[in-house]
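I opened my notebook for a new structure today. Here is what I looked up, entry by entry.

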Amino acid sequence: MITAKRENLKSFIERSPYQAYVYSYPHKTAYRPLTPPVKLADLWSKQDRQALFLYIHIPFCEMRCGFCNLFTTVTHNEDFVSQYVRTLQRQARQVKSLLGEVSFARFALGGGTPTQLPINHLETILNVASETMGANLQNIPVSVEMSPETADKDKLQLLRSRGVDRASIGVQSFIESEVLATGRRQTTAQVEAALTRMSEAGFPTINIDLIYGLPGQTVESWLYSIRAALRFQPEEIYLYPLYVRPLTGLGRSDKEWDDIRLACYREGRSLLLSSGYTQVSMRMFQQRENVETLHVTSLQPPCPVYSCQADGMVGLGCGARSYTDTLHYSNDYAVGSKEIRDILLYFIQTPDEVFEYANYGFQLDAEERRRRYILLSLFDDEGLNLTDYQNQFGTDVIAFPELSQLLSLNLTTQQNQILRLTEVGIEKSDVIGAWLFSDKVNQLMHSYEFK
Ligand SMILES: C[S@@+](CC[C@H](N)C(=O)[O-])C[C@H]1O[C@@H](n2cnc3c(N)ncnc32)[C@H](O)[C@@H]1O
Ligand code: SF4
């Protein structure tokens with residue numbers, strides 16, 4: 001039985017629309033050591049493995065940006081990187097041997113900055129995905145994250161020739177003083193040159209990440225950055241509100257900055273909508289027709305379609321998460337540079353047989369599974385299909401009292417059998433997401449000690 005929330009939604013969202021960055025559920029800070037460790041062969045044998053997401057994590061960057069709390073390091077040398085890649089190959093062989101028959105519907109290479117890898121290692125990683133794991137990269141959506149300085153011509157050509165169809169670049173701002181204030185070394189000339197190279201390499205989808213709420217940013221300078229991005233006609237643009245997280249380089253007091261983030265969001269959104277983009281979620285904007293046409297024409301059947309609410313994810317690499325219906329797992333997590341380095345050192349010394357177990361994670365009971373499904377569905381513009389939910393869980397969504405509060409505050413709307421966030425609801429996605437967390441997840445997240 002699902003218990004009602006202690007705090008009502010109205011007072012919760014009035015505090016701030018920006019309480020936590022919610023893109024999945026549960027958050028990694030709710031993970032804990034698993035005792036005893038879970039045998040992956042048993043776990044995956046119970047999972048539908050016909051349309052899995054393969055994710056490989058590269059924890060290296062050329063710089064540590066002041067806003068970023070991702071699991072990544074700048075203190076690496078050639079030897080360490082080679083050892084990391086070799087470990088990843090070992091892990092992939094081990095994991096593949098225990099997965100049994102699988103089919104991958106999607107592959108993402110993320111970080112950190114995957115293009116920080118020398119080209120020979122980048123090629124090895126693509127081979128891990130295609131040969132060791134058996135993902136048909138030419139036939140499924142494949143996405144790679146990159147930074148302006150590391151996206152060189154040879155790497156871009158390699159990625160494109162191996163089937164990468166989405167190249168995603170972190171730009172953050174087209175105003176140098178704004179990025180430099182976050183400790184990110186990057187000139188606008190480098191950004192523009194990288195975007196030109198990406199478009200020459202012929203990726204069907206180019207995504208540009210931008211951040212609003214940066215120190216020194218104004219609504220006008222924010223719109224300037226979006227207009228600068230639009231000159232490159234990217235198929236996708238992500239607008240990220242800045243979150244200042246524990247242990248990152250950027251300290252900041254709360255005062256007025258909710259106001260500027262909200263104003264930036266609203267102005268940025270209307271600029272993109274008037275420029276022909278469709279809003280897919282609070283952060284994601286897409287030139288939908290282009291992206292859909294390209295996907296349909298570039299993928300040959302049979303191409304299994306991955307659904308983020310329902311399907312599993314196999315994560316490889318030290319910072320990757322893996323999802324099954326009943327267990328989410330990963331390695332230990334840290335933000336501080338020394339702690340990240342220690343976890344990475346431990347990773348490259350991991351004996352093969354240890355890769356057969358999940359040691360750290362979160363077990364999802366029936367309530368958590370339903371909660372996750374609802375949360376991810378609401379965050380997608382397709383919305384929560386009540387019939388699909390009933391079919392999936394054999395119970396009516398009415399069992400969730402939270403949903404009636406969302407409806408009564410006009411944060412969601414119901415049309416036929418689909419529940420969707422309204423315009424105001426999308427704007428408040430992150431706070432709605434945080435409010436939908438279970439008591440158990442909240443307790444774990446609050447008691448997590450950042451390191
Ligand atoms: C893996 S990085 C993208 C690729 C590459 N590492 C780079 O930065 O160019 C993921 C993206 O998350 C966003 N991001 C990370 N930390 C953030 C924060 N604290 N607030 C807002 N956005 C953030 C940035 O826009 C960044 O581009
Ligand atoms: S924003 Fe990108 S480049 Fe900067 S530290 Fe994070 S992952 Fe690395």
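**Around the ligands**

I began with ligand 1 and sorted its shell by class: eight residues are nonpolar, seven are polar and three are charged. I kept in mind that this is a predicted model.

Which residues come nearest to ligand 1? Of the 18 around it, I found Phe67, Ser147, Gly170, Asp209 and Tyr240 to be the nearest. I then looked for elements that give two or more residues to this shell, and they are β3 (104-111), β5 (166-172) and β6 (205-212).

Next I turned to ligand 2. Its surroundings include four residues I wrote down early, Cys61, Met63, Arg64 and Cys65. Cys68, Leu70 and Thr72 are also there, and so are Gly111, Gly112, Thr113, Ser147 and Gly170. By class, I noted five nonpolar residues, six polar ones and one charged one in the shell of ligand 2. Ser147 and Gly170 caught my eye, as they are listed around ligand 2 and among the nearest to ligand 1.

**The whole protein**

I stepped back and looked up the secondary structure: there are 17 helices and 16 strands. Along the principal axes, the C-alpha atoms fill a box of roughly 55 × 50 × 45 Å.

Why did I accept that the protein agrees with a compact globule? For 451 residues, such a globule would have a radius of gyration near 22 Å, and the protein has 21 Å, so the two agree.

I also checked contacts with a separation of 6 or more, and 81% of them join residues 24 or more positions apart. As for burial, 41% of the 451 residues count as buried.

**The cores**

I remembered a general point: in soluble globular proteins, nonpolar side chains tend to be buried together. Here the largest nonpolar core has 80 residues. Those with the most contacts inside it are Leu54, Ile56, Ile125, Ala129, Ile169, Leu210 and Ile237. A second, separate core has 27 residues, including Tyr25, Leu421, Val431 and Ile432.

I picked Ile237 for a closer look. Leaving aside neighbours within four places in sequence, Ile237 is in contact with Asn207, Ile208, Leu210, Ala229, Leu272, Tyr277 and Phe285.

**One last residue**

Is Ile398 buried or exposed? I counted 9 C-beta neighbours inside 10 Å, and 12 or fewer means exposed, so Ile398 counts as exposed. I found Ile398 in the loop between α13 (386-393) and α14 (401-408). Leu386 is 12 residues away along the chain, and the C-alpha atoms of Ile398 and Leu386 are separated by 9.5 Å.

Key: Residues numbered from 1 in each chain as written. Chains lettered and ligands numbered in written order. Predicted model: local features only at pLDDT ≥ 70, side-chain atom pairs only at ≥ 80, totals over all residues. Core = buried A, V, L, I, M, F, W, Y, C linked by C-beta atoms within 7 Å. Buried ≥ 20, exposed ≤ 12 C-beta atoms within 10 Å, placed from the backbone. Contact = placed C-beta atoms within 7 Å. Near = placed C-beta within 6 Å. Nonpolar A, V, L, I, M, F, W, Y, C, P; charged D, E, K, R; others polar. Helix = DSSP H or I, 4+ residues; strand = E, 2+ residues; numbered from the N terminus. Rg over C-alpha atoms; globule rule 2.2 N^0.38 Å.
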